[in-house]
Structure formats: C-alpha cells, structure tokens
Amino acid sequence: MTATSVSLDIARDLRSICGPANVAERPVGGIYVCPNSAEEVAAALAFANQHHLTVAPAGGSTERTAAELRTDIVLHTGRLTEIEHYDHGDLTVGVGAGITIAQLGQMVDADRLMFAGDPPVPERCTVGGLLATAAHGPMRHGYGGVRDYCIGVRFVTGDARRAKGGGRVVKNVAGYDLMKLLIGSYGTLAVITSASFKLFPAPRQTKTFLAEFATAKDALQFRDRILRSPLSPICLELVSPGARKLMRPEMTDDAWVICVRAAGSDAVLARYRQELGSAITRELEADAEQRMWRAIQNFGCSEEALAANDACAPDLVCLSVWPRDVQDVIDTLLKQSALTGADVSLIGRVGGGLLLVRVAGKEPGAAGIQKLMIALERVFGDKIVLKLRGAVNPWPTPPTNLASMRAIKQALDPNNTLRGREIF
Amino acid sequence: MPSSTVLAQLRKIVGSEALLDRPEDLMLYEYDAGVRKCTPAAVVFPRNTDHVAKIMELAASTGFPIVARGAGTGLSGGAIAPEGGVVIAFARMNRILEVDAANMRAVVQPGVVNQQLSENVAHLGLYFAPDPSSQKACTIGGNVAENSGGPHTLAYGVTVNHVTGLTVVMPSGEVVHFGGKTAESNGYDLTGFLVGSEGTVGIVTEITVRLLRRPERVATLLGIFETIDHGAKTVSAITAAGITPAALEMLDGWTLRAVEAACHAGYPLDAGAVLLIELEGLAEQVEEQAEAVRVVCLEQKAREVRRAKDENERALLWKGRKNAFAALGRLAPSYYSQDGVVPRTKIPAVLQFIESVSQKYGLRIGNIFHAGDGNLHPLILFDPRDPHQLEMVQAAGAEILERCVEMGGSITGEHGVGLEKRNLMPLLFTNDDLDVMLSLRNAFNAAGVLNPGKLFPTTRTCREVSGPSTNPVLQAEGM
C-alpha cells in the first residue's frame, strides 16, 4: 500500500489505539500517530503489520524532516516521556524515548550529574533519536559513544513484539547485548520506547584551550602530542578554517584550530596549560566556552534551519577513519575540492578519527558529496566508514556483512515494516 | 555425536596431532571453573580461520555440536559441552597478529592470553584494559564470548567497550568481518552484538581491540573498616563525592583473613572489611582524588586508610585480590562463585541478605567483589563429594541472585549466563524478551549447532529449537 492510498478507515483504527487527538493525516500523504506508551506502539505496529503498512519512527526530526518520510505511518515518539527510574546515588537513569537530550541534561544537572550525549540540537533531539542514529558531539572523545553508556533498552520490534535488552545496572552481561544492535540501526529493526543510561559526575570546572595552526598537518601533530601526553581532555576537536568561518564569520584568517576542553581543579588546569605550552593562543571559560562548544555541537546547522525546526545539517558526511589517517583523509578532501570547486569545511573528534564534513560552493549537495565519497573510497577502501547524516540510506557503501544484517532484519522485522531509512 | 568418519574428517582438517578423543585426554576438557562437568566427544586445535571454517562446515552438514573454548577459566559453564560434540580449543591460535600503536589497536587471535597482550605492548606505554581476575590464564577469545570484566572495568568498561572489529566464522562456515580499526562500523554494530553472545552466534577467529595509554600516576588505597556495613556504605559515598575510581573492590573480614594467610598481601587480620581503591590519571588529579577518598572513608568510620608506597606494595595488594578465589580453595574442597549485580546503593542491604542466606543453609559464604559497580561475587564454600551440599549451594546461589534482581540488578555482571544461570534468565527477561533473543540466535544458528544448551532457559516451555538437554547429569538436575 502506498502512502497516498492509506484510507480513512486506517486513521480511524489508529485513533482507537492512540486516541483521536494523537492521529492526524499528513499533508504529504499517510498518517501521523503519536502513541503514549510501549503498549500503544506495539498495537500500532501490530496494526501496520496486519495491513501491510510501512512505518517510520520519528523523534525530534533533527536529521531528516518528518515531511521527507514517505511511509504510510510516521510514528512520533514525542509522548513517550516517562521517567522510568532516576537513581542519582547509583548514577543511572531510565527515560522514555521521547525525552529530549536537553530535558534529560537539565534533570540530572540538579544533582550535579551529567548525561554524556551531546548530539546536534539537544533541545529537539530525543533519546530515541540519539540511540537510533548513534549521533555524537564533542564529548564523544572523553566519554565514548552512546553505545558505551547505554545500559538498557526497551523496544517494540518491527513485527510488534515488546521486549528489552540489558537493565538498570551499570554492569550486566545477561542475554544478548541488544543495545548494541539497536544503537545506530536507524529505527529499521525496532522502535525504541525507553532506555537506561549510566550518568557521570558533572565536572565542577572546565576550561578550553585553543591552539591555532597554519596547516592541518601542524594541527594534527599537536593532536598527537596530546594523545601521547598524560592529559585526558573531555573534548579534543579539530576545526578547519572553513568551519571556523561558518561558526564565527568575523574570523577571516585561515587557521586550523585544535580545541582542548579540560575538567578539573585549578591545579589540574594549570598542568594542562603547562603541557600544552606555547601553542595555546586563547583560553575560554564560562559563557564564551559554552557558546563555542554549542557551535561545534550544531556544526553545519543554519540559523534558519534551527529557527524553523528543520533538519540540522542533513547533508553532513560523517567519517570514521583510522586516527593516523586523518591527515591523509583531509589532504584527499582538500585536493578533491580544489578539483571540483567544492567548498569543504570540517570539524572532528580527531583523537578517535571521527570527522564531520560539509560540502558547499560550486557543487554542493548530492553531486558534490558523491564525488568526494568516490575519491575517499578509492584511496582508503575499507579503512574508512562513511555515513550520510540525513540520507535515505545512511551507509552509501554497502557493508561487507550485508547478509548478516539482512538476517537480523528478517528476525526482527520480517515484513519490512520499519522503513524510515532504506538500507537494503 | 560425531561418528568415526567425522572424526577422521576432522583429523584431515587439523592434523591427527591436533585432535583428542581418548577418554583420559578428554577429562581435561570436561570442566571449566564452574561446578559442572560434561565430557565432549573430541577436542580439536585449529591453527587458523580456514581450519575453523572447515570444522564448522562439517558440523553444519553432519549436525554435531560445537563448543568454543579458550583457557576454560569461565565460571558459568560456557566452555563445556553438555550435549557432547566437539570442543574447538584455541590454544594454538594464540598469536598477536598486529600491534598498531599509531591507531591504538591490536589484532589478536582468540587464544592470546589477556595479560600477555598488555605485557606485549607495555614498552609502548599501552595496555588492554579488561582485566579479569584470571587474566594470567584467560584468553581474549573467551573474554569476547563472555563480555568479561574485571576490577578496572569500573572506569574503563567491559570487553565490548574495547573491541572494534571481529573476524567470525558463522554456523554455515562462511567467514565474515564485523567492524575493523575504525571507531564506527559500516552498517549495524554486529561487533557489539557478537561480543557476549557466548559462542551461540558465531566463532570468533580474529579480534581487533582498542589499547589504552598507561596513566601517569596510580594511587592504590586500602580503606580498613571495623564492619562490613561501614565499608559498604563508603562505596556509594565515594561516588556521591563525584569520584569515579579506576577500581573499587571490597573484601569482607573473613575473606581477607583467608587471603592474607595464603598471599601475605598486607591486609589487616582484625578488620571487618577492606576497600581496595585505585585512582589513575594525571598526577595532580590523582593526588586530589586520593585525599578526597581518604576523607570520605574516614567520614564513613574507616579505622585507617593506607596507601601503597610503591609498585611492590601495590602489586601485593592486587595479588591478594586477584588470587582470592584460589586462597579460599584452601578452606574447602570447592567453591561456587556467584556474579550478581545490584545498584551500588543497595550493597549494604544485599550483603546483609547474603549473611542471612549463609545462616539459613549453614554454608560459609565469603564476599570479595567489584563494589564500585555493584558486582557481587559471593563465594559459597562446599564439598562436591556430598551431593546434598551441591543442591544446597545451588539453592543458596539462586536465592541470592533472585534478591539481586528484586533490587533492580542482574544475575550476571561479567561471567555470562552459560549453563549455570540459563534457567535464571526468566527472573530478568519475559518470554517475549527471550523470544526476541532466540529469534536472533536462530537467524544464524537455527539448528543449535553452536554451543547448545547455553544462555537460553530450558525450564519455561522448551522454546529452544535444540530442545531440552539429553545430558544425563543435567536431566538428573531437572534441566
């Protein structure tokens, strides 16, 4: 059944599941449904399976706007906002998938705790969206990815089975690690309804040290020095000249900047200053520091998109490369952009080889990105993982283990109901 | 059970010197560090991925069970063969294939011993963080299968947090690659899914692990308490002070006396409990945290807080901790180790409960555990020659785990479910939860060839495709 052929009867039936106020017809065709509980999610999915309808889960729509979703049903998680548990003494929390990252952060901040996920647009990005996309921000360097601190997940499979993996404690190896399977699966296997996380003590004080360099090579040598040192900053970010201009248009010089965010006492921060040495050109703290990291977190999101609640930087290319290859990857990107006239800007958690690349200029959008990807794959082969932030298929290079992925998809969503992204 | 023809084919694959089938040889492979015994039909020692793939193809076509085995140090019966069949022992696939310091990665075969990897990269200032107490013997393949932990996983996470890529032989015999050296994977995170799947989805033949840089300074403190309750309350007080130690271990008074007698680690003989607290990182930070921890311990009625003066003292304190299980072996012919987890604020209550279980069954139970993440290891001492004692020990263990789950915890923090705890899985998981897990297992291992009888309960409704066990020992136990 196509989106446009979804009948009024179906809307009526979904209203009986989720309540009349929580079902609407979409201007682009299809039905929009906003369940209030895991039971309602399961009922809606059972209904979709029964009637051979396709479903796309949606949270804050920060990667893809809801209007882009072309399924029969868009299942919005916005009403799944229950706090299942908050055990601040144990540094754990469990919340509904529809809670936003900002809401979660505010809740635990009162107890001087911190949720380590810092994806773009935290005011709109939901817990479910963070898990489904495995999005990351600058704190990925110091605290790991969401796979490292998600300790439990509740979900409804594509074929409408309610289930869970993990639990509420920080250490737990009972059963298969379903958190790992669902994190980054883009809602193609199950709809996440709630999740539990490990929290961290909030740093009492932070400071950010900036070091500017004429070339990416110099900046990455500085990165290597930091990685070999005893320092363990919570963020270690590279900002290209183009990215810097995007974030701060008044900056007109062509510097590559390494941003080091440290947490600790005055003595610890003094040690950072000593170790980083004369390379430091600026130190930021308080509001200025917060503003800079927020700009890095929202890299590529235009003010207009943020104001209009549109998708944030849907054309961003997310690269995961071997840390020692970052330099070569950047060289390849710059060479290619010089050839095609594309304007490439990038930031990245370069300690772990993660880069976010924006393509603009003469050939922006899909064509420009396509050329860059081909160039990168030619040089780096399987040493690089490419992800397209807002694309229908986030993995442009077919994974070598596609058959295993298909087997998993078949096990959890045999009717291919969950179609927010088209991977297969 | 493999026929003589199949055994001949196996010999052809691995060489006749790499297959054991004489009863006296097989006895070495009928147990792990748990309490059950099951004899395999044969043990094979492959040397490479191709050998494993061929063994797997043979198993798939003739239908004999396969159980992968590292060093056999596991505590959940994961590496024994309750359905008979062939044990694939990885003792000869024990090479470190690559150390890539620039990318902080190493690629190893599954038979590499955990500690050997850290020793091998020490000259580069690097190490492999997961450190099970058995790290001198246990293999990284076993760590991957069980998603093993250790004391320092409090700060650094368990095995899954340190594995970025796997080469896996699937039950069909197909060789697949999941992940690699990159931080993220192309497609679903199948590496994360495979780790901890207890050998029921595929057989791992190469592992890419993350290496960490050794910290500049390490401070090891020993908090000495008059009562176990004071020690237990200190655990969450340290966390509440915003400090995450690299390790935070607890030994009760009875256990530490047994350990001291065996290891001479320097533990006080008259204490009610001790906390072994390790802080790592930048020198300034470690010194501040060490002082903060000392203050918290004293506020929580510690009698004394000692700090290891040098590497020797530190090593001695850890020797006591890591050899504790063996030390308790001096007091009874055997012990049964549990692996329950509770939220760390519930540690005082659960320790009181364990004491009541000890009294109820008249069994001696020692407590030595990863207190920082609430991962308990009650050690129940018993004599396995007395069948009645074994029954009581298992009942006592189950009661403790049930209480852990009631308190919001889990039945296993790092040892895995295996054979030991499979029938406790319904305490944590609903039938639907288990159905989803089973459908994932069956997506790859529908015939139940890989590690049958593990992880999934048999006491609910015989949902496991391979059906209830045919092993007489397990049948006698009602499994």
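Student: Which residues are linked in a network of salt bridges in chain A?

Tutor: Good place to start! In this predicted model, A:Lys207, A:Arg273, A:Glu283 and A:Glu285 are linked in such a network. Over all chains, the structure holds 51 salt bridges.

Student: How do I read a salt bridge inside a helix?

Tutor: Begin with the general idea. An α-helix has 3.6 residues a turn, so residues three or four places apart point the same way. Now look at helix H10 (residues 266–276) of chain A, where A:Glu275 and A:Arg271 both lie, four residues apart, or about one turn of the helix. The two form a salt bridge, and their closest N and O atoms are 2.9 Å apart.

Student: Is A:Arg271 buried or exposed?

Tutor: A:Arg271 is buried, because its relative accessible area is 7%, and the cut-off for buried is under 20%. A:Glu275 has 25% relative accessibility, so this residue counts as partly exposed.

Student: What does the salt bridge of A:Glu123 with A:Arg294 link?

Tutor: That pair links distant parts of the chain, 171 residues apart. A:Glu123 sits in the loop between strand E7 (113–114) and helix H4 (127–133) of chain A, and A:Arg294 belongs to helix H11 (residues 286–297) of chain A. Their closest N and O atoms are 2.7 Å apart. A:Glu123 counts as partly exposed at 43% relative accessibility, and A:Arg294 also counts as partly exposed, at 37%.

Student: How far apart are the closest N and O atoms of A:Arg12 and A:Asp13?

Tutor: In that salt bridge they are 3.6 Å apart. A:Asp13 counts as partly exposed, with 25% relative accessibility.

Student: How should I read the contact between two chains?

Tutor: The size of an interface is often given as the accessible area lost when the parts come together. Here chain A and chain B bury about 5800 Å² between them, and 58% of that is on carbon and sulfur atoms. In chain A, the residues that lose the most area to chain B are A:Lys171, A:Val173 and A:Tyr176, together 17% of what that side buries. You can also count residues: the contact takes 70 from chain A and 78 from chain B.

Student: How many salt bridges and polar contacts are there between chain A and chain B?

Tutor: There are eight salt bridges between the chains, and 25 residue pairs are in polar contact. On the side of chain A that touches chain B, helix H15 (residues 402–412) of chain A gives the largest share, seven residues. The residues of that side divide into 35 nonpolar, 17 polar and 18 charged. For one salt bridge to find on screen, try A:Lys164 and B:Asp433, whose side chains meet at 2.5 Å, N to O.

Student: Finally, how do I read a single helix, say H3 of chain B?

Tutor: Start with its length. Helix H3 (residues 49–62) of chain B has 14 residues and reaches 20 Å from its first C-alpha to its last, close to the 20 Å expected at 1.5 Å a residue. Then check the two ends. At the start of H3(B), a side-chain oxygen of B:Asn48 reaches to within 3.2 Å of the backbone nitrogen of B:Asp50. After the helix comes B:Gly63, with a positive phi near 85°.

Student: Which residues of H3(B) are buried?

Tutor: They are B:Thr49, B:His51, B:Val52, B:Ala53, B:Ile55, B:Met56, B:Leu58 and B:Ala59. Try colouring them in the structure above!

Methods
Residues numbered from 1 in each chain as written. Chains lettered and ligands numbered in written order. Predicted model: local features only at pLDDT ≥ 70, side-chain atom pairs only at ≥ 80, totals over all residues. Heavy atoms only, no water. Helix = DSSP H or I, 4+ residues; strand = E, 2+ residues; numbered from the N terminus. Expected span 1.5 Å × (residues − 1). Buried < 20%, exposed > 50% of the residue type's maximum accessible area, 1.4 Å probe, protein only. Polar contact = N/O pair within 3.5 Å; in protein donor to acceptor, adjacent residues only side chain to side chain. Contact = heavy atoms within 4.5 Å. Buried area = accessible area lost by both parts, 1.4 Å probe. Salt bridge = Lys/Arg side-chain N within 4 Å of Asp/Glu carboxyl O. Nonpolar A, V, L, I, M, F, W, Y, C, P; charged D, E, K, R; others polar.
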